[in-house]
Amino acid sequence: MPERRNVYLHYVEEEKTKEKVDRLRELGRKYNFRLVDNVKDANIIASIGGDGAFLQSLRRTDFQEDCLYLSINDGHLGFYADFDLEDLESIEKAMQTDMVEVLRYPVLEVTIDGQKGFYCLNECSIRSNVIKTFVVDIFIDGLHFETFRGDGLVISTPTGSTAYNKSLKGAIVDPRLVSMQLTEMASLDNNNYRTLGSPLLLSGDRELVLQVVQDGNDHPIMGVDNEALSIRHSKEIRVKVSERKVKMLKLKDNSFLHKVKRSFL
Ligand code: NAP
Ligand code: MN
């Protein structure tokens, strides 16, 4: 990636990582990278921290389409982080060789009542924040598919399939499969309410519409990755796989399947 030289570092300043971050800056200078203070000047965005920190850095930098993202964890690797701040040698080695590749990860685009959209790399979730259940009419490509009543719903991306989705017994999805998955949280199933009950994997060209059935007592909260949005008065949530992708710098020998194996098997 010879043409990409301007790096924006995203991290939470902490005493314990300060020295390591300084060494990372030095390494960058050695290889003629420029550190920029404004994300608008960057063509590489490096996040330091775990997967949660990486999700934050994407949101803070607005899911830049033209930038290459990389995630550097401190002490262990995550699902997004392929590089380790403890092991600067391997970062240096990766820069000199062809051990790295750029992958494009699908993201979701979520629109609430026709307002400006949100992107999600892991998932968007909607759930009741009171003890009462809440009701949602679910449409797929205009077809009324089911009426959900229960705790909530999660719509995840392939890379998000190993996170919240997995706890809800959703399938692990290969990120090469451009798709989104709908999973349920504690649905009520009786003669009045019936839902599919199994996770539903949808092709990337479908559109999901969730209409919150308001009976005056609903207080659903919505999550886009690790951030909460209040949608108390919102009615319609549209979710689709975005045309936009997150471009990530990854190590070739640490594929999605390696990570699934390392973390779960
Ligand atoms: P958190 O509650 O501190 O951490 C949740 C855990 O999920 C962390 O260990 C995090 O890794 C890991 N994680 C994040 N993205 C992942 C992915 N794509 N695949 C596998 N593991 C992943 O919150 P957070 O660190 O800000 O992460 C936000 C994510 O937590 C949400 O997007 C959602 O997927 C997940 N979450 C899960 C549940 C659940 O399973 N019941 C409930 C709420 C949220 P790091 O330690 O490296 O950050
Ligand atoms: Mn975390």
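Buried means under 20% relative accessible area, exposed over 50%, and partly exposed in between, with a 1.4 Å probe and protein chains only. Helices (H or I, at least four residues) and strands (E, at least two) are DSSP runs, numbered from the N terminus.

The model is predicted: local features need pLDDT of at least 70, side-chain atom pairs count only at pLDDT 80 or more, and totals for chains, interfaces and linings use all residues. Residues are numbered from 1 along each chain as its sequence is written, chains are lettered from A and ligands numbered from 1 in the order in which they are written, and side-chain values use heavy atoms, with hydrogens and water left out.

**Exercise 1. Strand S3**

Work out which way the residues of strand S3 (residues 44-48) point and whether they are buried or exposed.

Solution. Start with the general pattern: in a regular strand the side chains alternate between the two faces of the sheet. In S3, Ile44, Ala46 and Ile48 point one way. Ile45 and Ser47 point the other way, and all are buried. The count agrees, as five of the five residues of S3 are buried.

**Exercise 2. Neighbours of S3**

Find which strands pair with S3, given that two strands pair if DSSP finds at least two bridges between them.

Solution. Begin with strand S1 (residues 6-10), which runs parallel to S3 and is joined to S3 by four bridges. Here His10 has Ser47 of S3 as its bridge partner. Next comes S4, which pairs with S3 in the parallel sense over five bridges. On this side, Ala46 has its bridge partner, Leu70, in S4. Finally, add the helix: S3, H2 and S4 make a right-handed β-α-β unit. Right-handed says that, with the strands pointing away from the viewer, the path from the first strand over the helix to the second runs clockwise.

**Exercise 3. A residue between H2 and S4**

Describe the backbone and the exposure of Asp62, in the loop between H2 and S4.

Solution. First look at phi: Asp62 has a positive value of about 65° although it is not a glycine. Then check the accessibility: at 48%, Asp62 counts as partly exposed.

**Exercise 4. An aromatic pair**

Classify the ring pair of Phe54 and Tyr80.

Solution. Rings of Phe, Tyr and Trp (its six-membered ring) pair if their centres lie within 6.5 Å; planes under 30 degrees apart count as stacked, over 60 as edge-to-face and the rest as tilted. By this rule there are five aromatic pairs. For Phe54 and Tyr80, the centres are 5.5 Å apart and the planes are at 35°, so the pair is tilted. Now place the two residues: Phe54 is in helix H2 (residues 51-60) and Tyr80 is in the loop between strand S4 (68-73) and strand S5 (83-84), 26 residues apart. Both are buried. To finish, widen the view: ring pairs link Phe54, Tyr69, Tyr80 and Tyr105 into a cluster.

**Exercise 5. The two sides of H5**

Decide where the buried residues of helix H5 (residues 256-264) lie around the axis.

Solution. The buried residues are Phe256, Lys259 and Val260. They cover an arc of only 100° (taken from the directions from the helix axis to the C-beta atoms), which puts them on the same side of H5. On the other side, Leu257 and Lys261 are exposed. The buried residues of H5 pack against strand S16 (236-251), where contact means heavy atoms within 4.5 Å.

Methods: Pairing = 2+ DSSP bridges.
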